[in-house]
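Thanks, everyone. Let's put the structure up and walk through helix packing, then the voids.

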Amino acid sequence: MATPLVVVVLVLSVAAGSGCASGRGVTLRAVPRSPLAETFQLTAREGPRVSDRALQLARVHDLAEYLRGDPRVLLAHLQEEIDREPTAEKVYAFAELSFLAAKHLERRNPEIALDLYGASVLKSYEYLFDERFAAGRNPYDPQFRLACDLYNGALESALRLVAGDGGLQPGETYTIETTAGRWDITCTLRGTGWRTEEFERFEFVSDYEVRGLKNHYQTYGLGVPLIAVRRNFPGEPRAAAYYPPELSFPVTAFLRPVPPRAGGDPARRAAVLELYDPLETTYLAIGDRRVPLESDLSTPLAFFLANPQMGHINTLGLLNPESFDALRPGRDEARITGLYMVQPYQPGKIPVIFVHGLWSSPMTWMEMFNDLRSSPEIREHYQFWFYLYPTGQPFWISATQMRRDLVEAREVLDPTGREPALDQMVLVGHSMGGLVSRWQTLHSRDDFWRVVSDRPFHEVRGDEAFRRELAELFFFEPNPSVRRVVTIGTPHRGSPFSNQATQWLSARLITLPKWLVQGKGTLLAENRDLIRDDRLLRIETSIESLSPRSPVFPVMLSAAERRPAWVTYHNIVGIVPGQGVFGRLAAGTDGVVEASSAQVDDVASELIVPADHMSVHSHPRAVLEIRRILLEHLDDLRGLPPSHPHDRTAARP
């Protein structure tokens, strides 16, 4: 085992080089990604290339001479051929030729290009779904697959023109002219908890390359994946207080023609541009067919992570808790600390709340979040929240604030207490966040106060407001809505990371809230006769609070043994692999927390993961374990035996 100071130096080096938000986000591509680019040589100097099959059809129907002239003349003649004798081959050729003509005219005449892109989308849809061609439709034909790409590519190109002109807003109607008549296209929301007023703007997924997230989750089908950026608006729901600024989220656009009305004008048709939340909708019903929706869940998340506002939250929360904690939920000002949501509140779904550790922020959970929400079964039953708190203060102060915030969230989201899913919460805490999470399930009795004094608390003298704060710290009951707590790399008995060197350094770097410093000073001065042991009261920083010599850990472990019957604990422990210098120095630890401190006996399961402290919560085995626990939680609620039985209890090293 390395000396504590050596371990500290190594860990600080890792942390400084891999900050939670650094290196994550997106980069802008030079050219948007498109499967059509190579097929039709869209970037070639001589211009796009017509496919051999479309060219052959033009020759067969004596239309080849029109390929070199005004594309609208060619398409008009081709439409006549379709009206006279409709075939899938002709409809496909129309979709392709219309798309290529639009691409050619896009810069010179965007209005005509928009009409041509729209016509290409509608013809692609006709090729894919018109019942007249059902008998001969062959999904193994490369042309079928190309028609899917044309649908998506032409729709994206059309949306770019609309968005570039300040359009593309839910509720708006756009009109395009095609050879088959005029189309009125209305943009509307489908299958999403977001409201029309919440859409600030759209970005295109194909414009961006994801950085920093190990796994990129996409599904393949029809539709255009978009990044929606949220805006605040007057009269928004109370749950909006829990959305971070500049929140971005996934949306998929799908264009669906509306069947013509009997007796309606055949030259005037309607279509709906449907905007879906791919986290809620993965398939569309078109006639009797089940069509997969194209989606990208990771790029919108990476786009959000690239927001510079998220960059330095972890350091601010460590070094200046007072400024970090100045804006609390429920105040009129913009909120910093507390609960955060990245999707609309979803009644009926169980909250999973991620609680970060020391010198960290919710950004540290993005790998696990990205992986977990890729599972349809998990998405169907759970919603993911994040808890942000200033990590420079003792962890029991943060735990007290979290207790208040959970109560407040229940009052905001479910004031009548009729939402049963909110009584099945799962907390997942990394490092110090595991202590903050466990604290929510403890019944203090007077055990914590007895560390300080043998006298009753009501005898304490001092400012009444500070006495109330102090009472909240020492006397509390378990939250009845928390059913499971998963701790990851948590120092249940403290960490050698907290030693004389780090405590000395933290005392000089961390600026503590004035109310805390002044209040403790006054308390100690006015109650010398009551205070038997002032060690707990003199702990002022999170680094000090994590010392193995802290008197709070034995009491906390004893209180956990009396946890409520409704609470289940799980544990994940990181152990640094023995290879290399760091592996040898940190043997038997995760580099910060010793195995003897990370492991506890009161858990339903415990998994040992070959990872260091900074990465244990994003390790694939840890993510799979959280997934297993969440599925087990569902089985318990249904009264079923585990559907994914695994023995995750590992032997002690």
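Which residues in α6 meet which residues in α7? Before the list, one caution: this is a predicted model. On the α6 side we have Pro110, Ala113, Leu114, Tyr117, Ser120, Val121, Ser124, Tyr125, Tyr127 and Leu128. On the α7 side they meet Gln143, Phe144, Ala147, Cys148, Leu150, Tyr151, Ala154, Leu155, Ser157, Ala158, Leu161 and Val162. By class, that contact splits into 18 nonpolar, 4 polar and no charged residues.

Now the geometry. Helix α6 covers residues 110–129, and its axis sits 8 Å from that of α7. The packing angle is about 150 degrees. Over 145 counts as roughly antiparallel, so that is what α6 and α7 are to each other. Their crossing is left-handed.

Next pair: α3, residues 52–60, and α5, residues 88–105. Their axes come within 9 Å and cross at roughly 115 degrees. That makes α3 roughly perpendicular to α5. This crossing is left-handed. Arg53, Ala54 and Leu57 of α3 make the contact with Glu89, Lys90, Ala93 and Glu96 of α5. The class count here is 3 nonpolar, no polar and 4 charged.

On to the voids. The largest pocket holds about 1000 Å³ of space. It has 34 lining residues, and closest to the centre are Pro32, Arg33, Ser34, Lys103 and Glu156. Which elements each supply at least two residues of that lining? They are α2, α5, α7, β7 and β12. Helix α7 gives the most, with 7 residues. The lining is mixed by class: 13 nonpolar, 11 polar and 10 charged.

Cavities now. The search finds 6 of 30 Å³ or more in the whole structure. The largest has about 140 Å³ of space. Its lining is 13 residues, with Leu114, Ala158, Leu159, Val162 and Ile185 nearest the centre. Two or more residues each come from α6, α7 and β2. The largest share is from α7, with 4 residues. By class, the lining has 12 nonpolar, 1 polar and no charged residues. Leu114, Ala158 and Val162 also appear in the α6 and α7 contact.

The second largest cavity has about 120 Å³. Of its 11 lining residues, Trp396, Leu473, Phe474, Leu536 and Leu537 lie nearest the centre. Helices α13, α16 and α19 each give two or more. Helix α16 gives the most, 3 residues. The class split is 10 nonpolar, no polar and 1 charged.

That's my tour.

Note on methods: Residues are numbered from 1 along each chain as its sequence is written. This is a predicted model: local features need pLDDT of at least 70, side-chain atom pairs count only at pLDDT 80 or more; totals for chains, interfaces and linings use all residues. Side-chain values use heavy atoms; hydrogens and water are left out. Axes are lines fitted to C-alpha atoms, for helices over the stretch in contact, and angles run from 0 to 180 degrees between N-to-C directions. Angles under 35 degrees count as roughly parallel, over 145 as roughly antiparallel, 65 to 115 as roughly perpendicular and the rest as oblique. A crossing is left-handed if the near helix is turned anticlockwise from the far one by less than a right angle, and right-handed if clockwise. Contact means heavy atoms within 4.5 Å. Ala, Val, Leu, Ile, Met, Phe, Trp, Tyr, Cys and Pro count as nonpolar, Asp, Glu, Lys and Arg as charged, and the others, Gly among them, as polar. On a 1 Å grid over the protein atoms alone, a cavity is a set of points where a 1.4 Å probe fits but cannot get out, and a pocket is an open set with protein on both sides within 12 Å along at least five of seven lines; lining residues have an atom within 4 Å of a point. Grid points are joined across faces, edges and corners, and a volume is the space filled by probe spheres set on the points.
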